[in-house]
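Grab a pencil and work through these exercises with the structure open beside you. Try each task before you read its solution.

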Amino acid sequence: MTFDFVIVGAGSAGCVLANRLSENPRHRVLLLEAGGADRNPMIGIPLLTRILYTMPSLNWGYDTEPQAHLNGRRIHWPRGKVLGGSSTINGMVYIRGQASDYDGWRQDGCDGWSYADVLPYFKRSENHVALGEPYHGVGGPLAIERATSGSVLEDAYIEACQAAGIKPSQDFNGAQFEGVGVHDFTLRNGRRHSTSAAFLRPIMNRANLTVVTGARATKVLFEGRKAIGVEYCWGERVMAAHAASEVILCGGAVNSPTLLLHSGVGAGKDLAALGIATIQDLPGVGRNLQDHVGIYAAYECSQPVSLRRALRPDRAAVAVARAYLFGTGIGSAIPLRCCTVTRSDAALDVPDLKMTMIPSLVVEKPWRRADKEGFSIHAYRLRPESRGRLWLTSPDPESKPTIDPMYLSAENDRLVLRAALGRIREIAAQTPFDRYRSGEIAPGIAVSKDSDVDDWIASNATTSFHPVGTCKMGRTSDSVVGPDLRVHGFENLRVADASIMPSITSGNTNAPTIMIAEKAADMILGRAAPKNHDDLTREPNP
């Protein structure tokens, strides 16, 4: 089988590239996905997102190494193994981060990746009818909706944040990133709008596009320093797909570096120890791993105002049916409406904390009280300093990589999470919560000394599901791809997904991943980058 472009991974980036590269009917495009089709009806129901995380049929099901600064706990990493990838199972929050994220990439040598450069690519994907220009796109494939339905707890949270001195933000993707407000979501008419639904499903009938599910890529094929295709397993058969123009890896922060390592691209001494012939010694492959690690504080309510009763099995069934049939009701929204972007220290130049209010107790935690009304507030550091890595322990491409994010290995990350709990407590103590708050469940008022707070964080902090950085973009010796996303030392081989981020963006990473794919499409096709108005290249509030 010979194509012009072979794309490995039909996730948030791969679906975008399949769409953009196949727009020209002369381009033959192959999209390989290890998972299956996204036909499960549960996928479209926002309220069922937490269940999707646990379904083996949709999930790679990775686990980290025991984390030294999290009391030796292994942290489960759900990653989408299905058309649409993690956009098919994620929380659907659409947030770009702050302008200085991307300006920082440019300052580190990634020309063409400043905020001014990438903003047009965000807008290209979007169909945000409610807001539109100048900061939002209208008419793009991806539906973006502002969270509208709320609860008295969410209203109290917004009022409490303002009482604590946090200004309102009307649009986290617009002029003011910092403040308290409501999220945008990848929703359309009350249903999940994944990249598969937005970019892939509408074009599946293109004659020049071939989509193969159940296709597990095992290695990139090379002819000298030129990538010529991909070997993959399909059922019991070992297949090869050849690329006349380019091979593009879109497997994400775990699978893209893993495929490179199995292909002989990585630290030569590590590959040699496994008997894998080194084609290119690139020690940065699998390193620079970053993720947002966060905490949940929980409060009991004195009134039945949380989601507990609505989630009673009989009521939940009705809510799910209503969401499925009509796209309305509580099942058509995920309870992550309210967001705060703020600073752990007023002296900081830019905000460093993101908090999300959940009008229920987070059920997977050991302090769950199934018979209690309550709410939770989640917080994480926007730009963590801790860096981890992943590596192979077996030459078998069917084996999982070893993942060590080294959570909280940087002391500042621990200090900021400690400060985050203080900010949460400050907000929860405000007058607007007085009618509803009856006490702190987690960590509990007895946890007050810094050492006790640190111990609680070590026992409870967990992933926010945003791994990035393992095929770092840049020009330094630890980078894997250049600003054009070409893998150093090769022709016809690029990586275009969250793994290329030099540093993690300030918030959920799905929107930036889609942007990366939009920009990659122009670079692959040799199209000029779109220009943006000068007055939109900066946020008034950095």
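The exercises below deal with a predicted model, and each one comes with a worked solution.

**Exercise 1: two helices that meet**

Work out how helix H4 and helix H12 are oriented to each other: roughly parallel or roughly perpendicular? Then sort the residues of their contact by type.

*Solution.*
Step 1. Find the helices: H4 covers residues 115-125 and H12 covers residues 510-525.
Step 2. Look at their axes, which come within 8 Å and cross at roughly 100°.
Step 3. Angles of 65 to 115 degrees count as roughly perpendicular, and therefore H4 and H12 are roughly perpendicular to each other.
Step 4. List who makes the contact. From H4 you get Val118, Tyr121, Phe122, Arg124 and Ser125. H12 brings in Ala511, Pro512, Ile514, Met515, Glu518, Lys519 and Asp522.
Step 5. Sort them, and you end up with seven nonpolar, one polar and four charged residues.

**Exercise 2: a strand with neighbours**

Take strand E21 and decide whether its two faces are covered or uncovered. Which strands does E21 pair with?

*Solution.*
Step 1. E21 spans residues 353-358, and six of its six residues are buried.
Step 2. Now split the strand by side. In a regular strand the side chains alternate between the two faces of the sheet.
Step 3. One side of E21 holds Leu353, Met355 and Met357, while the other holds Lys354, Thr356 and Ile358. These residues are all buried, and both faces are covered.
Step 4. Check the partners. Strand E20 (residues 338-342) pairs with E21 in the antiparallel sense over five bridges, and cysteine 338 has methionine 357 of E21 as its bridge partner.
Step 5. Strand E22 (residues 374-381) also pairs with E21, in the antiparallel sense and over six bridges. Here, isoleucine 358 is matched with serine 376 of E22.

**Exercise 3: a little sheet**

Put strands E5, E8 and E10 in their sheet order and name the edge strands.

*Solution.*
Step 1. The three strands form an open sheet in the order E5-E10-E8, with antiparallel pairing.
Step 2. Go for the edges: E5 (93-94) and E8 (145-146) each pair on one side only.
Step 3. Zoom in on E5 and E10 (residues 184-185), which are joined by two bridges. Tyrosine 94 has aspartate 184 of E10 as its bridge partner.

**Exercise 4: odd backbone spots**

Where do the cis peptide bonds before proline 134 and proline 443 sit? And are asparagine 189 and asparagine 492, each with a positive phi, buried or exposed?

*Solution.*
Step 1. Recall the background: most residues other than glycine have a negative phi, and most peptide bonds are trans.
Step 2. The bond between glutamate 133 and proline 134 is cis, with omega about 10°. Proline 134 sits in the loop between strand E6 (126-127) and strand E7 (142-143).
Step 3. Alanine 442 and proline 443 are also joined by a cis bond, with omega near 5°. Look for proline 443 in the loop between strand E25 (437-442) and helix H11 (450-460).
Step 4. Asparagine 189 has a positive phi of about 55° and belongs to the loop between strand E11 (187-188) and strand E12 (191-192). Its relative accessible area is 58%, so asparagine 189 is exposed.
Step 5. Asparagine 492 has phi near 65° and lies in the loop between strand E26 (462-463) and strand E27 (493-495). With a relative accessible area of 14%, asparagine 492 is buried.

Terms used
Residues are numbered from 1 along each chain as its sequence is written. This is a predicted model: local features need pLDDT of at least 70, side-chain atom pairs count only at pLDDT 80 or more; totals for chains, interfaces and linings use all residues. Side-chain values use heavy atoms; hydrogens and water are left out. Axes are lines fitted to C-alpha atoms, for helices over the stretch in contact, and angles run from 0 to 180 degrees between N-to-C directions. Helices (H or I, at least four residues) and strands (E, at least two) are DSSP runs, numbered from the N terminus. Angles under 35 degrees count as roughly parallel, over 145 as roughly antiparallel, 65 to 115 as roughly perpendicular and the rest as oblique. Contact means heavy atoms within 4.5 Å. Ala, Val, Leu, Ile, Met, Phe, Trp, Tyr, Cys and Pro count as nonpolar, Asp, Glu, Lys and Arg as charged, and the others, Gly among them, as polar. Buried means under 20% relative accessible area, exposed over 50%, partly exposed in between (1.4 Å probe, protein chains only). Two strands pair if DSSP finds at least two bridges between them.
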